Each structure stands twice: as C-alpha cells, then as structure tokens.
Amino acid sequence: MPNRHCRLFHVDAFTRQRYTGNPAIVVLDADHLSDEQMQTIATEVNGETAFVLEAESGDHDMQVRFFTPRHEVPFVGHATIAAQYVRAKKDGKPGGRLRQRTGAGIVEIEVTDVEGDLRIAITQNPPSLGPVIPEHHRRQVLNALGISSPSLHVDCPLQVLTKGGSRLLVGLKSNDLLGAIKPDFEELARLTSHVGAEGYFVFALVENNGVVGTESRMFVPALGIREDAVSGNAHGMLGVYLVNHGLMTPKDGRVVFQGRQGMWMRRPGMVEVEIESSGKVAQSVRIVGDAVIVYEANIQA
C-alpha cells in the first residue's frame, strides 16, 4: 500500500493566545490510518491526539478517535475543541450544530462566530456521580497531594465522577492554597486503583465582583500526565459536582460559570461551563472554549 499523507495540526485549546491553554494534536484525513498507525503518531508527537474521520452511520455527522502517547481513550474535551476548530477553519465546514461520535458516545457540537473567530461548544449527558472515598484513602490522597485536612472546603467531599475517564474531585477553601500543592506523582499513580479515579482534580471557588467561578489544577500521573493544563471534561464533572452539593444554585434551571486552570504551568486557559438541571440533578453539560492553531504540517503514514 503506498504512503498516504495526513494533515497534522498543533492546537492550543481553551485560549486564543498561542503557547497557553491546553495543547492537542489534530489529524485530518485519518480514515485510512490503522489503529497501530494512530497510536504510533500519538506516541511520536507525545501528546493527546484527535483523529478526525468520516461518519459511519446516520446517527452522527463525523467521528473522532483519541489517543494518548500510551493508548486510546474514549473522550478528550480539549482535543474535541481543537478538532472541531481545525475542521471548521481548514476544511471550511459550516458552523452550527453537528453530532460527533466518540468512544464515550455521541456528543453535540456547536460552532459559532464570536468576536471575529470561532468558538466551540460541546453538549453531552452529565457524568456519573461515584462514591465518596473512605477516610483512610482520603488521608492517603491528601498526603500525596501535600494538602492538610484544614485546607479542605467543609462542604466538598472527596468524590469520584466518571465521564469517559474518572476523576477524584478535591475542593479547597481558598484558591491561594492551589499554589502550595506538592504532589507525590508516584504515590498518586499508585493510589489510582485504590480510589477508583485515574486523576485528581483540585479546585477552589473564587468570587470576582459578585460572580462566582473556579480555579483548579489537575494531576493524572496514572495516564502519564503529571499536570494537565486545562481540562474541559473535568470542568463538566466539576459543574455537576457543584450543583449536586448545592455549592452553585441554578437560576431558571441553569448554572453558568467560568473555570480557570493552567496558571501554575504558565499555560492559563478558561473553560465556560453551563449546567442544565432540575434542582440538584444535572440534565446536561455544555463546555465552551476557544482555540488557536500553532502550526500545521503534512505527514506520511
């Protein structure tokens, strides 16, 4: 079989400024690639990589497969933002709504023109609320993060949420404490199978001019990611968690807030989160973000 070319793009998601936000690789024209070739490319570029493919049935408009440098994963939020941004920009795909099939099911995408550029929204079913971890695991996790019990927000239990991947949410009483975290990555990776979460999403509520938002850090050493810059999927989990525990109150059945992440990595980014809910029960999750293309290349596969 002769070599064929793919278009590869390095994209920063959840930002409009290059070299900030969360980087992802997007590969267009990927239908001819085998699973092994996709994994090889993701390993070579050493980043989370989205492969854009044509639809296979009438229930979706296109599909995206996601690979880390180690293995395929069902869904990656920031790589979805990146893939849809590139697809609209470079292939001239029309804006509006479409259905994207992923390993975690079909998500709804909306591409809109905002302030002279494109903005991408992902709407999906809420994540599953998992268990609050037991006290002995709670102590182990806090020790591995370098967090003391008095630093925790009193209304924030350490709880696992799952949507594609799983994350343990850890709420702090002040965003000033985020910079003091000193993770033991080896211990966090070891604890993953015990607490039932692949990563640890540590957050704090912040208020500016009467508007409540969040700041956060996320550590996923079990997947080879010491610290993740800006996670869309985890912010969706966070929104559902905050509504479920009464930390944000819906107005007309809706909660909207901005989540900021990546400041401690010099890669600041922002995720807009919208939760539709009935009381404290989330009905849908919408993640909105910007993107910017850093470079593009043609590769042989």
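**Close-up 1. Glu198 and Arg167 meet in a salt bridge.** In this predicted model, the closest N and O atoms of Glu198 and Arg167 sit 3.5 Å apart. The two residues come from distant parts of the chain, 31 residues apart. Glu198 belongs to the loop between helix H4 (185-195) and strand E12 (199-208), while Arg167 is in strand E11 (residues 165-172). Glu198 is partly exposed, at 27% relative accessible area, but Arg167 counts as buried, at 13%.

**Close-up 2. Helix H4 has a salt bridge of its own, between Arg190 and Glu187.** Here the N to O distance is 2.8 Å. The partners are three residues apart, or about one turn of the helix. Both can be called partly exposed: Arg190 has a relative accessible area of 39% and Glu187 has 22%. Elsewhere, salt bridges with shared partners join Arg97, Glu110, Arg254, Glu274, Glu276 and Arg286 into one network.

**Close-up 3. Arg99 reaches Asp61 through a salt bridge.** It's one of 22 salt bridges found in a search of the whole structure. The closest N and O atoms are 3.3 Å apart. Arg99 is in strand E6 (residues 96-102) and Asp61 is in the loop between E3 and E4, so the pair ties together parts that are 38 residues apart in sequence. Arg99 is partly exposed at 32%, and Asp61 is partly exposed too, at 35%.

**Close-up 4. Phe51 and Phe67 make an edge-to-face pair.** The whole structure holds four aromatic pairs. In this one, the ring centres are 5.6 Å apart and the planes stand at 90 degrees, so the pair is edge-to-face. Phe51 comes from strand E3 (residues 49-54) and Phe67 from strand E4 (residues 62-67), 16 residues apart. Both of these rings belong to buried residues. Phe66 and Phe75 are also edge-to-face, with 5.9 Å between centres and 75 degrees between planes, and both are buried.

**Close-up 5. Helix H2 is largely enclosed by the rest of the structure.** Twelve of its 14 residues are buried, among them His78, Ile81, Tyr85 and Arg87. H2 covers residues 77-90 and reaches 20 Å from its first C-alpha to its last, close to the expected 20 Å. Just after the helix, Gly92 takes a positive phi of about 65 degrees.

**Close-up 6. Asp290 is buried in the loop between strands E17 and E18.** Its relative accessibility is 13%. The Asp290 side chain makes a polar contact with the side chain of Arg119, at 2.8 Å. Asp290 also touches other residues, including Asp12, Phe14, Arg16 and Ile81.

Methods:
Residues numbered from 1 in each chain as written. Predicted model: local features only at pLDDT ≥ 70, side-chain atom pairs only at ≥ 80, totals over all residues. Heavy atoms only, no water. Phe/Tyr/Trp six-rings, centres within 6.5 Å; stacked < 30°, edge-to-face > 60°. Helix = DSSP H or I, 4+ residues; strand = E, 2+ residues; numbered from the N terminus. Buried < 20%, exposed > 50% of the residue type's maximum accessible area, 1.4 Å probe, protein only. Polar contact = N/O pair within 3.5 Å; in protein donor to acceptor, adjacent residues only side chain to side chain. Contact = heavy atoms within 4.5 Å. Expected span 1.5 Å × (residues − 1). Salt bridge = Lys/Arg side-chain N within 4 Å of Asp/Glu carboxyl O. Lists of a residue's contacts leave out its neighbours within four places in sequence.
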